[in-house]
Every structure is written in structure tokens, then in C-alpha cells.
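Trainee: Could you walk me through this model, one question at a time?

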Amino acid sequence: MDLRFDSICTFPVASDLFALAVHNKSPIVALGLASGHVQLQRLPSLPSSPSQKAKAKTSSTNGRGTIETAWRTRRHRGSCRSLVFSTDGDYLYTAGTDGIVKVASTDTGEVTGKIAVP
């Protein structure tokens with residue numbers, strides 16, 4: 001059996017991808033990189049009405065949407081190995097090989113708390 005997969009999109013990343021989290025309400029994806037960076041990508045949203053669908057020129061319905069980097073930051077000294085959004089989607093939790101778990105605002109990327117894990 002020969003399995004083939006087509007690329008749907010490409011994320012603009014500067015180092016290897018270790019972790020990925022998908023937001024539960026918005027078209028947002030968080031990426032955790034080998035360099036310790038964390039970045040938030042905004043995906044193209046789907047048109048909501050039939051008239052918008054007919055006029056869509058840069059939406060994900062026709063494969064021409066734009067993935068935008070909302071913010072990017074150096075979150076960990078080692079690589080970022082895990083990340084997850086809070087249940088309400090307002091915060092992003094990240095964990096790295098540096099033994100630190102950080103929580104940041106999904107909107108701004110600003111760190112609002114951190115804890116060392118022994």
C-alpha cells in the first residue's frame with residue numbers, strides 16, 4: 001500500500017518543530033520549537049456566509065489563505081517540548097527541557113506566570 005500526503009500548509013519556522021497545539025475556539029495554532037521559541041500562528045478563517053464564500057479570494061476554502069505569525073518569543077533555554085491552551089483558550093502553557101512551565105496570554109504572548117519543575 002502506497003500512502004501519499006499532500007501539504008495543506010507550511011508554517012514559517014526557523015528550527016525543528018517539537019510541539020503543536022490547536023486552539024479550541026479560534027483558528028490559531030501554537031508551535032514549540034527546538035530553539036526554545038514559541039510562536040502563535042493565525043490561520044485563515046472560513047467565510048461565514050454564502051456570499052462571503054463566493055467572494056473569498058484569500059480564505060482556506062480555496063487554498064490561498066495566509067498564515068500570519070501573531071507573536072514569537074524565546075520561551076525556554078532548551079527546546080520547547082510541550083504546549084497546550086487553557087480550556088477557555090485565553091492562556092498558553094509551555095514546558096521546556098529547561099524544567100520550566102510558563103503560562104502566557106494567548107493574545108499578546110506575555111508571560112503571566114511560571115513554575116520550576118524539579
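**Strands and their partners**

Mentor: Happily! Strand β3 and strand β4 (residues 68–74) run antiparallel and are joined by 6 bridges. Strands here are DSSP runs of E, at least two residues, and helices are runs of H or I, at least four residues, numbered from the N terminus. Two strands pair if DSSP finds at least two bridges between them. This is a predicted model, where local features need pLDDT of at least 70, side-chain atom pairs count only at pLDDT 80 or more, and totals for chains, interfaces and linings use all residues. Residues are numbered from 1 along each chain as its sequence is written, and side-chain values use heavy atoms, leaving out hydrogens and water.

Trainee: Where in the chain is confidence lowest?

Mentor: Look at pLDDT, the predictor's confidence in each residue, from 0 to 100. Strand β6 (residues 91–96) has the highest mean, 97. At the other end, with a mean of 57, is helix α1 (residues 50–55).

Trainee: Which residue in β3 does Val29 stand opposite?

Mentor: Start with strand β2 (residues 28–33), which pairs with β3 in the antiparallel sense over 5 bridges. Their hairpin has 3 residues between the strands, and Gly36 takes a positive phi near 95° there. Across from Val29, in β3, is Gln41.

Trainee: Why is one side of β5 and of β8 left without a neighbour in the sheet?

Mentor: The open sheet has 4 strands in the order β5-β6-β7-β8, with antiparallel pairing. β5 (80–85) and β8 (111–116) each lack a neighbour on one side because they stand at the edges, each with a single partner strand.
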